[in-house]
Amino acid sequence: MNNKKKTVEYGKYGYAFIAPFFIVFLIFQFYPLLYTFYASTLVKAGRGSAVTFDLVGNYSKFIFGSDKTFWYSLGITVVLWLLNFIPQIIMSLLLASWFTDQHNKLKGQGAYKVIIYMPNIITAATIAVLFNNLFCSQGSIIVFLRDICKVKIPDGGILDHGWYSLIIIAFIQFWMWYGNTMIVLIAGIMGINPSLYEAAMVDGATANQQFFKITLPLLKPILQYTMVTSCIGGLQMFDIPSLFNKGGPDMLIGQDKVRSTRTVVMLIKDYIAGGETSSSYNVGRASAYSVCLFIVTLAVSMIFFLATSERKEHK
Amino acid sequence: MNVQMTEEKKSMSWVKPVRYVICIFLCILSIFPFYVLLINATLDSNTIVKGIHLIPGGSIINNYKNLMDPIKNPQNEICNMWESLLHSLIVTVPTVILQVYFASFTAYGVTVYNFKFKKLAWGFIYAIMMIPTQITIIGLLKVSNLLHMDGTYLPLIIPAIAAPTTVYFMKQYMESGFSVEIVEAARIDGAGEFKIFNIIALPLLKPAMATQAIFAFVASWNNLYTPQLVLGSAKELSTMPMYVAGLQAQDYQRDYGMIYLGLLMTVIPIMVAYFLLSKYIVAGVALGGVKE
């Protein structure tokens with residue numbers, strides 16, 4: 001009681017301690033967020049002409065209009081995320097279950113973790129350029145596959161082929177991230193009360209039963225957390241696709257020509273900076289895309305929070 | 001039970017070798033691209049385009065000369081490799097210091113003190129953790145312009161003061177490993193509040209700060225998107241990832257040996273740091289997942 005009284009007296013210092021965080025947050029994150037919303041209402045009429053205010057102009061034209069660029073980019077981003085996340089979570093779960101298996105203890109686990117995690121820490125820009133040089137038409141891996149293994153490589157090489165590029169980008173993401181997810185899941189499994197497994201063993205449960213009836217259900221919160229952070233990160237994917245093949249070749253979807261590996265953030269950057277892939281500057285358009293990406297990201301985290309709060313209520 | 005276990009072991013005798021083989025294969029998969037990078041950095045372009053080589057060659061010095069040559073690698077005119085590494089350090093070191101110091105500062109504020117809006121402030125910090133910075137980049141460019149920070153590193157460094165995730169981890173650590181009694185004892189000795197934080201609390205937070213510093217360093221060091229847009233046309237300020245992006249820009253007549261060496265030079269520092277600190281990094285990654 002006495003304790004509490006004292007801290008109340010000092011309470012005003014609390015504001016001083018949190019002030020720098022909130023001041024910087026307001027100036028460098030909150031104001032920019034508001035400004036992005038505002039900028040999305042500035043419509044550019046034509047090349048070089050001034051912008052005019054129009055609340056929904058950019059949205060009706062570039063999001064809900066005949067120009068489907070945003071939705072294609074979002075689709076490509078989601079496809080890239082799924083192509084890397086599904087194998088990633090399966091592989092990580094499998095490895096995590098092996099590394100925590102008490103019957104078949106693997107030696108040198110520390111070393112495996114260190115090596116498998118390594119690609120995650122290397123600069124993504126470097127990795128993207130490295131893979132570009134390995135997979136371009138004269139790249140070491142392509143030459144090896146084509147000339148020595150006699151694998152048939154499509155004309156113009158892998159980088160000029162939409163689906164191959166998507167698969168390699170997804171592979172790079174997988175390769176960079178499954179070690180991270182594996183370590184997280186191992187920590188999660190280690191946190192499960194060992195007496196549960198002992199009880200299950202006394203009852204004669206097999207290793208598979210233990211995994212599906214104990215490990216998986218108890219790992220659910222961590223799996224959900226992994227999924228939402230990976231999904232939010234995946235929606236912002238930029239470095240790898242941007243430097244691997246700069247948005248890739250055009251791909252035909254229905255009647256529309258679509259840049260086959262251009263993610264949403266790449267699209268936004270192209271309209272802010274002109275970029276290597278398009279020469280059009282349109283900040284209003286880029287802002288409208290940013291706002292939509294923000295809403296999608298928010299929706300993903302809301303679904304996650306609802307799912308986890310529901311779980312707590314059930315308990 | 002004992003019998004059952006030995007039986008299980010017998011029938012599963014193939015399990016362990018299979019797992020070892022797969023784990024070793026995955027390790028090779030992790031290392032292989034970097035091994036090719038290392039070898040190709042020592043070969044000349046004509047050799048590299050013939051396929052995969054496993055034995056180093058003797059062209060490393062020539063590759064280095066090309067890498068630094070203003071005609072073979074035009075970005076040297078504006079910013080060469082060493083300058084880009086220096087620029088990355090100039091951005092990253094203050095970022096890490098500010099991020100870790102102010103995250104501890106903020107977390108200390110919401111842990112040690114009781115004030116009216118404490119719960120609200122903490123809930124807010126928790127809620128904004130998920131907002132990605134890529135989305136607000138247009139506004140950040142505007143702020144940078146309004147505050148006359150264009151063409152400087154400040155818009156990359158200052159936002160580190162408000163890093164919600166780092167605050168979150170520092171608070172987690174304080175809740176388990178920091179006792180408020182120490183603060184009260186120091187008050188009785190007449191120390192001021194900020195002095196207590198700097199002299200007494202900070203040293204106790206060192207382990208958590210070290211872990212967070214590593215991750216803050218990696219995030220800032222590897223960042224491509226924000227510097228690319230914030231520095232924009234000021235190419236003479238390029239950071240290392242921007243330099244790497246520039247390496248790939250020349251499409252016709254690539255000098256592969258030069259490019260691989262350039263990439264290798266950017267990988268070596270981070271690789272060395274990683275193997276020195278890998279124990280802490282792996283532990284830190286594990287910590288990140290079990291926070292829920």
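Which residues make the nonpolar surface patch of about 700 Å²? In this predicted model, the patch is made by Ile23(A), Leu26(A), Ile27(A), Phe30(A), Tyr31(A) and Leu34(A), together with Leu146(B) and Leu147(B). Its largest share, six residues, is contributed by helix H2 of chain A, which spans residues 11-39. Phe30(A) is located in helix H2 of chain A. With a relative accessible area of 34%, Phe30(A) is partly exposed, because the partly exposed class lies between 20% and 50%.

Ionic contacts were examined next. Side chains of opposite charge can pair when their charged atoms come close. Over all chains, a search of the whole structure finds seven salt bridges. In one of them, the side chains of Asp67(A) and Arg285(A) meet with an N to O distance of 2.7 Å. Asp67(A) lies in the loop between helix H3 (57-63) and helix H4 (69-99) of chain A, whereas Arg285(A) lies in helix H13 (residues 283-314) of chain A, so the salt bridge ties together parts that are 218 residues apart in sequence. Asp67(A) is partly exposed, at a relative accessible area of 22%, while Arg285(A) is buried, at 9%.

A further salt bridge is formed by Arg19(B) and Asp101(A), whose closest N and O atoms are 2.9 Å apart. This pair crosses between chains: Arg19(B) belongs to helix H2 (residues 15-40) of chain B, and Asp101(A) to the loop between H4 and helix H5 (109-117) of chain A. Arg19(B) counts as buried at 14% relative accessibility, and Asp101(A) counts as buried at 15%. Within chain A, the side chains of Asp270(A) and Arg262(A) also meet in a salt bridge, at 2.9 Å from N to O. Asp270(A) has a relative accessibility of 5% and counts as buried; Arg262(A), with a relative accessible area of 9%, is buried.

Aromatic contacts were then considered. The structure holds 43 aromatic pairs over all chains. Among them, Phe22(A) and Phe124(B) form a tilted pair, 5.8 Å centre to centre and with 35 degrees between the planes. The two rings lie in separate chains, the pair crossing from helix H2 of chain A, which holds Phe22(A), to helix H6 (residues 118-127) of chain B, which holds Phe124(B). Phe22(A) counts as buried at 19% relative accessibility, whereas Phe124(B) counts as partly exposed at 32%. In the pair of Phe37(A) and Phe294(A), the ring centres are 6.0 Å apart and the planes stand at 85 degrees, so the arrangement is edge-to-face. Phe37(A) lies in helix H2 of chain A and Phe294(A) in helix H13 of chain A; the pair therefore ties together parts that are 257 residues apart in sequence. Phe37(A) is partly exposed, with a relative accessible area of 35%, and Phe294(A) counts as buried at 10% relative accessibility.

One aromatic cluster draws on both chains: Tyr10(A), Tyr13(A) and Phe17(A) join Tyr101(B), Phe102(B), Phe105(B), Tyr108(B), Tyr113(B), Phe178(B), Phe194(B) and Phe197(B). The ring of Tyr10(A) also has the charged end of Arg187(B) over it, 3.6 Å from the ring centre. Within chain B, the charged end of Lys171(B) sits over the ring of Trp122(B), at 4.4 Å from its centre.

Technical notes: Residues numbered from 1 in each chain as written. Chains lettered and ligands numbered in written order. Predicted model: local features only at pLDDT ≥ 70, side-chain atom pairs only at ≥ 80, totals over all residues. Heavy atoms only, no water. Patch = residues over 30% accessible without salt bridge, like charges linked within 9 Å, V, L, I, M, F, W, Y side chains within 5 Å. Areas by Shrake-Rupley, 256 points an atom, 1.4 Å probe, with all protein chains shown as cover. Salt bridge = Lys/Arg side-chain N within 4 Å of Asp/Glu carboxyl O. Helix = DSSP H or I, 4+ residues; strand = E, 2+ residues; numbered from the N terminus. Buried < 20%, exposed > 50% of the residue type's maximum accessible area, 1.4 Å probe, protein only. Phe/Tyr/Trp six-rings, centres within 6.5 Å; stacked < 30°, edge-to-face > 60°. Lys NZ or Arg CZ within 6 Å of the ring centre and 35° of its normal.
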